[in-house]
Amino acid sequence: MPTAARAKASAARLPHSFYIHEPKRRLISAAPFRDRVVHHALCRVIEPLFERRFIYDSYANRVEKGTHRALDRCQEFSRRYPYALQMDVVQFFPSIDHLLLGQALNRVIADKETLWLCDVILASGVGVQTEEYRMVYFSGDDLFAAARPRGLPTLAPALRASASAGVGNLTSQFWANVYLNSLDQFVKRDLKCSAYLRYVDDVVLFAKDKRTLWDWRAEAIEFLAGLRLTIHIECAQPRPVTEGLPFLGFTVFPTHRRLKARKAISFRRKFKQQAAEVTAGRTPLDSLHASVRGWVNHARYGDTWGLRRSILSAIALQWEH
């Protein structure tokens with residue numbers, strides 16, 4: 001089949017998309033299974049080329065990294081520095097610009113066939129996030145900027161571990177790191193911030209004084225504009241670490257970590273629903289056990305012994321009755 005025809009056929013297989021509403025409304029997409037296998041194979045080939053270029057403190061979707069190591073690192077920095085600045089990108093995955101991402105891929109990948117495959121996968125996601133993107137115009141833009149191809153299909157947070165195993169849209173998760181690697185390098189090399197970490201589009205910078213963080217914020221905003229990204233300005237305020245840093249489902253203090261209340265409420269609600277399904281015979285008991293083990297394994301990374309005992313005891317008591 002000619003290259004153009006192959007590209008057209010591949011691009012026609014659009015991801016299956018649906019919405020979730022917890023913790024917030026989000027458009028979730030998943031490519032057809034055979035495409036996901038190709039995504040996984042592609043990442044196995046190109047990941048080593050980029051991995052050596054990534055900074056140590058980038059924690060999302062990387063081997064031997066992940067949320068719990070990111071939490072440990074965040075707490076380590078909070079014990080060494082009195083102030084922190086948190087920033088997160090507005091509509092990150094819908095905003096990723098295909099031209100800029102393609103340039104980042106071209107700077108590292110030399111093989112033309114591999115680049116062709118990257119282009120095909122990118123093209124298959126055009127339009128998937130259109131409804132989620134609110135147009136932002138940057139300096140020098142004209143009206144045609146609205147037509148720039150942008151957006152990567154995303155997975156629900158609970159499915160991202162599956163993506164790492166080759167089940168989900170692994171390319172989207174991996175390319176998010178490729179896209180923001182230039183920000184990581186800018187913060188480390190140009191701003192000279194020695195205490196910095198990133199998980200997807202959530203970043204934290206630490207410093208000894210607020211003035212430094214205000215200056216870094218202004219420069220980071222300008223740099224991100226070059227990537228056609230903006231941040232939630234109202235949330236990006238330097239603060240003392242003793243106030244606690246909301247990060248990856250926990251509130252991180254220098255001395256301890258607390259699970260966010262909505263995480264406990266969400267689990268309690270989910271457990272009750274699953275217990276009802278088991279009682280009615282529609283769901284196997286093993287599924288319920290797996291869900292509890294998964295939640296406990298996550299919650300134990302905070303100071304949650306009392307919370308875990310309270311929730312599980314109350315639910316067990318309710319189930320007995």
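**Aromatic pairs, a one-sided helix and uncertain stretches**

With a relative accessibility of 1%, F206 counts as buried. The model in which this residue is seen is a predicted one. Its confidence is therefore a suitable point to take up next: the mean pLDDT of the chain is 84, and 83% of the residues reach 70 or more. Over residues 1-12, however, the pLDDT is below 50, and this stretch has nine contacts in the model beyond near neighbours in sequence. Residues 158-168 likewise stay under 50 in pLDDT, and for them the model has 21 contacts beyond four places in sequence. Where pLDDT is low, the predicted coordinates should not be read in detail.

The aromatic residues come next. A pair of aromatic rings is described by the distance of the centres and the angle of the planes. The structure holds six aromatic pairs. In one of them, the rings of F50 and F174 have centres 5.7 Å apart and planes at 80 degrees; because an angle over 60 degrees counts as edge-to-face, the pair is given that description. F50 belongs to helix 2 (residues 33-51) and F174 to helix 8 (residues 170-190), so this pair ties together parts that are 124 residues apart in sequence. Both F50 and F174 are buried.

F206 takes part in another pair, with F77 as its partner. Here the centres are 5.4 Å apart and the planes stand at 50 degrees, an arrangement described as tilted. Since F77 lies in helix 3 (residues 67-80) and F206 in strand 5 (residues 202-207), the pair ties together parts that are 129 residues apart in sequence. F77, at 1% relative accessibility, also counts as buried. Ring pairs further link F50, F54 and F174 into a cluster.

Rings are also met by a charged group. The charged end of K65 sits over the ring of Y56, 3.4 Å from its centre. The charged end of K65 sits over the ring of Y59 as well, at 5.1 Å from the centre of that ring.

Helix 11 (residues 285-299) shows how a helix can be buried along one side. At 1.5 Å a residue, its 15 residues should span 21 Å, and the end C-alpha atoms are 21 Å apart, which agrees. The buried residues of helix 11 are L288, S291, V292, W295 and A299. Seen down the axis of helix 11, these buried residues fall within an arc of 95 degrees, so they line one face of the helix. An α-helix has 3.6 residues a turn, so residues three or four places apart point the same way. The face of helix 11 turned away from the buried side carries the exposed residues D286 and R293.

W295 leads on to helix 12 (residues 305-320), in which I311 lies. Leaving aside neighbours within four places in sequence, I311 is in contact with A264, F267, R268 and W295. The C-alpha atoms of I311 and F267 are separated by 9.0 Å, although the two residues are 44 residues apart along the chain. At 0% relative accessibility, I311 counts as buried.

Two loop residues remain. R228, in the loop between helix 9 (210-226) and strand 6 (239-240), has a phi near 60 degrees, a positive value in a residue other than glycine. R228 is buried, with a relative accessible area of 10%. L248 is found in the loop between strand 7 (245-247) and strand 8 (250-252); L248 is not a glycine either, yet its phi is positive, at about 55 degrees.

Technical notes. Residues are numbered from 1 along each chain as its sequence is written. This is a predicted model: local features need pLDDT of at least 70, side-chain atom pairs count only at pLDDT 80 or more; totals for chains, interfaces and linings use all residues. Side-chain values use heavy atoms; hydrogens and water are left out. Rings of Phe, Tyr and Trp (its six-membered ring) pair if their centres lie within 6.5 Å; planes under 30 degrees apart count as stacked, over 60 as edge-to-face and the rest as tilted. Helices (H or I, at least four residues) and strands (E, at least two) are DSSP runs, numbered from the N terminus. Buried means under 20% relative accessible area, exposed over 50%, partly exposed in between (1.4 Å probe, protein chains only). A charge sits over a ring if NZ of Lys or CZ of Arg is within 6 Å of the ring centre and within 35 degrees of the ring normal. The expected span of a helix is 1.5 Å times one less than its number of residues. The arc is that of the directions from the helix axis to the C-beta atoms. pLDDT is the predictor's confidence in each residue, from 0 to 100. Contact means heavy atoms within 4.5 Å.
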